Amino acid sequence: MRIEPSVVSDLITKADRLQLAAVIPADYGRIDIAKELLDLRSRLSKKIDEKLQPWFILLDESVQFFVQFERFLYQFPLSSELMGYAVMVSKLKRDILSIRELLAIGQDMTARVLARTFVEDIEIAMALALSADTCRAFASTHDTNDFWNKHIGYGKVYDKMTQYLLACGVPEDRARVLVERHRQAKKMFSESTHGGRNSSLFSAFSPALSAPANSTSFP
């Protein structure tokens with residue numbers, strides 16, 4: 001599908017008319033979104049190197065892990081049990097790549113929304129790795145809500161996480177600490193997901209696209 005230039009031009013003309021008709025101008029003129037994003041990324045890359053370099057190195061190592069793990073999983077023919085787990089690892093890779101890209105353009109509040117999804121996807125991956133039956137149910141379901149209600153939701157996933165960690169040789173007391181960390185992480189990120197006061201306030205001070213001089217130099 002392709003939008004013809006004449007259609008775009010007509011939309012721009014109508015938008016300009018709406019702006020002229022407003023009592024107060026709707027904005028300060030059109031901007032080149034792609035160019036502004038590239039400029040923003042360039043400006044922030046210097047700040048990232050100065051202030052967040054160690055954390056981005058750790059984040060990139062996390063990205064590396066999921067990229068390499070995904071490649072490893074798809075090297076072999078996948079059974080119905082393993083396919084569900086493999087595609088969940090693919091989703092985790094996409095989650096964390098998107099989180100990194102959002103952070104690189106100063107959109108940390110939006111990155112927190114994806115971080116909430118990322119933590120939850122890790123929990124689902126643990127549940128799939130623990131049980132072949134859960135993997136088969138995941139691979140065959142056509143109703144995400146039904147799968148969630150039967151296998152993940154209402155606290156079911158936390159018991160599966162604990163059992164997974166114990167199967168990996170993690171001491172029971174440590175396993176419970178890790179599960180509780182997941183609970184707290186999801187609680188922390190939920191405010192951004194559901195549009196809380198603080199996340200909205202912090203978003204107001206993200207680097208501006210059109211007027212970087214009037215915004216904070218680093219979120």
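A residue counts as buried when its relative accessible area is under 20%, and as exposed when that area is over 50%. The model treated in these exercises is predicted.

**Exercise 1. Describe the overall build of the protein chain.**

Step 1. Take the secondary structure. The protein chain has 10 helices and zero strands. Read from the N terminus, its elements run α-α-α-α-α-α-α-α-α-α.

Step 2. Take burial. The protein chain has 219 residues, and 30% of them count as buried.

Step 3. Take the surface. The accessible area of the protein chain is about 14400 Å². Carbon and sulfur atoms hold 59% of that surface.

Step 4. Take the contacts. Among contacts in the protein chain with a separation of 6 or more, 61% join residues 24 or more positions apart.

**Exercise 2. Analyse helix α8 and its surroundings.**

Step 1. Place the helix. α8 covers residues 156-167, 12 residues in total.

Step 2. Check its span. From first C-alpha to last, α8 reaches 17 Å. That is close to the 16 Å expected at 1.5 Å a residue.

Step 3. List the buried positions. In α8 these are Val157, Tyr158, Lys160, Met161, Thr162 and Leu165.

Step 4. Find the cover. It includes α5 (108-130), α6 (132-140), α7 (144-152) and α9 (172-193).

Step 5. Look just past the helix. Gly169 has a positive phi of about 90° there.

**Exercise 3. Dissect the largest nonpolar core.**

Step 1. Recall the background. Nonpolar side chains tend to be buried together in soluble globular proteins.

Step 2. Identify the hubs. The largest nonpolar core has 34 residues. Those that touch the most other members are Tyr85, Ile96, Phe118, Leu128, Ile152, Met161 and Leu165.

Step 3. Trace the sources. At least two residues of this core come from each of α3 (53-73), α4 (80-104), α5, α7, α8 and α9. α5 gives the most, with nine residues.

Step 4. Zoom in on one hub. Leaving aside residues up to four places away in sequence, Ile96 touches Leu59, Ser62, Val63, Phe66 and Phe118.

Step 5. Link back to Exercise 2. Met161 and Leu165, both buried in α8, are among the hubs of this core.

**Exercise 4. Classify Ile3 as buried or exposed, and describe its setting.**

Step 1. Locate the residue. Ile3 lies in the segment before α1 (5-21).

Step 2. Apply the cut-off. Ile3 counts as exposed because its relative accessibility is 53%, and exposed means over 50%.

Step 3. Add the neighbours. Ile3 forms a nonpolar surface patch with Val7, Val8 and Leu11. Together the four have about 350 Å² of accessible area.

Technical notes. Residues are numbered from 1 along each chain as its sequence is written. This is a predicted model: local features need pLDDT of at least 70, side-chain atom pairs count only at pLDDT 80 or more; totals for chains, interfaces and linings use all residues. Side-chain values use heavy atoms; hydrogens and water are left out. Patches are made of residues with over 30% relative accessible area and no salt bridge: like charges are joined within 9 Å, nonpolar side chains (Val, Leu, Ile, Met, Phe, Trp, Tyr) within 5 Å. Accessible areas come from the Shrake-Rupley method with a 1.4 Å probe; for residues, only the protein chains shown count as cover. A salt bridge is a side-chain nitrogen of Lys or Arg within 4 Å of a carboxyl oxygen of Asp or Glu. Helices (H or I, at least four residues) and strands (E, at least two) are DSSP runs, numbered from the N terminus. Buried means under 20% relative accessible area, exposed over 50%, partly exposed in between (1.4 Å probe, protein chains only). Contact means heavy atoms within 4.5 Å. The expected span of a helix is 1.5 Å times one less than its number of residues. A nonpolar core is a set of buried Ala, Val, Leu, Ile, Met, Phe, Trp, Tyr and Cys residues joined through side-chain atoms within 4.5 Å.
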